[in-house]
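User: I would like a close look at one part of this model. Please take it step by step.

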Amino acid sequence: MKSRVLRTSQFQTTAFSPHGEVAMWFEDQILYYDVTGPLNTEVIECLALAQTEFLKQIEPQGPWGSIAVCKISAVMGPECLARYGAMMSTPKPAGKTPVATAFVMGPDVDGYRLMAPLFAKIYAGIQRPFRAVETLEEGRQWIFAQIAQARQTAA
């Protein structure tokens, strides 16, 4: 069952306008992020608030994963990328950390080749399995395999 959708546009952190938007929902043990870029630091600040609020509302049953589906542009400036990295390294409440994260960024997404290794570096830094893929189906297959592996390890 799909949870309600929460959007970064529902949060305001500064007088400056966020560029881009992120919507999130939880379905089938996956937290989906629908990301329309390019993104700026202000939208990452909104994402930090939205994600914190969203994680309070979900109650995953066992291991779960996350998939970010990037649209239009995956480009983030250095300051924005640094803020995203800091947000990702902030500890999450128990049971509220995905076992793996996939980013869906096909060739139609501006900056996908530039950004994929930068995102991979952030996830390596927090020791979370990460994969950039071109289709949602690839991402779902990989995430479900990671969830299955985590269940076997926990058993």
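Does Arg-83 count as buried, partly exposed or exposed, and at what relative accessibility? Please start there and follow what surrounds that residue.

Analyst: This is a predicted model. Start with the residue you named. Arg-83 counts as partly exposed, because its relative accessibility is 22% and the buried class ends under 20%.

Now its partner. Arg-83 forms a salt bridge with Glu-45. The N to O distance is 2.6 Å. The cut-off for such a bridge is 4 Å, so this pair qualifies. Glu-45 sits in helix α1, and Arg-83 sits in helix α2. The two are 38 residues apart, so the bridge links distant parts of the chain. Glu-45 is partly exposed too, with a relative accessible area of 26%.

Next, the pocket. Arg-83 is one of the residues that line the largest pocket. That pocket has a volume of about 160 Å³. Its lining also includes Ala-48, Gln-51, Thr-52, Leu-55 and Lys-56. Met-87, Thr-90, Pro-91, Lys-92 and Pro-93 line the pocket as well. Helices α1 and α2 each supply at least two of the lining residues. The largest share comes from α1, with five residues. By class, the lining has five nonpolar, three polar and three charged residues.

The two helices also border an enclosed space. The count gives one cavity of 30 Å³ or more. About 260 Å³ of space lies in the largest cavity. Elements that give two or more residues to its lining include α1 (41-57) and α2 (78-89). The others are β3 (30-36), β4 (65-71), β5 (101-104) and α3. Here, too, α1 gives the largest share, four residues. In total, 29 residues line this cavity. Tyr-33, Leu-47, Tyr-84, Phe-103 and Tyr-123 lie nearest its centre. The lining has 21 nonpolar, five polar and three charged residues.

Back to charges. Side chains of opposite charge can pair when their charged atoms come close. The whole structure holds three salt bridges. One is the Glu-45 and Arg-83 pair. Another joins Asp-34 and Lys-71, with the closest N and O atoms 2.8 Å apart. Asp-34 is in strand β3 and Lys-71 is in strand β4, 37 residues apart. Lys-71 is partly exposed, at 38% relative accessible area.

A further bridge joins Lys-96 and Glu-59, where the closest N and O atoms are 3.6 Å apart. Both partners sit in loops: Lys-96 between α2 and β5, Glu-59 between α1 and β4. They are 37 residues apart. Look at their accessibility. Lys-96 counts as buried, because its 9% is under the 20% limit. Glu-59 is exposed, because its 57% is over the 50% limit.

One more arginine makes a useful contrast. Arg-128 is buried and has no salt bridge. Glu-59 is its nearest side chain of opposite charge, 17 Å away. A bridge needs atoms within 4 Å, so this pair does not qualify. Arg-128 is found in the loop between α3 (112-125) and β6 (130-133). Leaving aside neighbours within four places in sequence, its contacts include Ser-66, Met-88, Thr-97 and Pro-98. Val-99, Ala-100, Thr-101 and Tyr-123 are also in contact with Arg-128. Tyr-123 is a residue you have already met, beside the centre of the largest cavity.

To return to your question: Arg-83 is partly exposed, is paired with Glu-45 and lines the largest pocket.

Notes. Residues numbered from 1 in each chain as written. Predicted model: local features only at pLDDT ≥ 70, side-chain atom pairs only at ≥ 80, totals over all residues. Heavy atoms only, no water. Buried < 20%, exposed > 50% of the residue type's maximum accessible area, 1.4 Å probe, protein only. Lys, Arg positive; Asp, Glu negative; His and termini not counted. Contact = heavy atoms within 4.5 Å. 1 Å grid on protein atoms, 1.4 Å probe; cavity = no way out; pocket = protein on both sides within 12 Å on 5 of 7 lines; lining within 4 Å. Points joined across faces, edges and corners; volume = space filled by probe spheres on them. Nonpolar A, V, L, I, M, F, W, Y, C, P; charged D, E, K, R; others polar.
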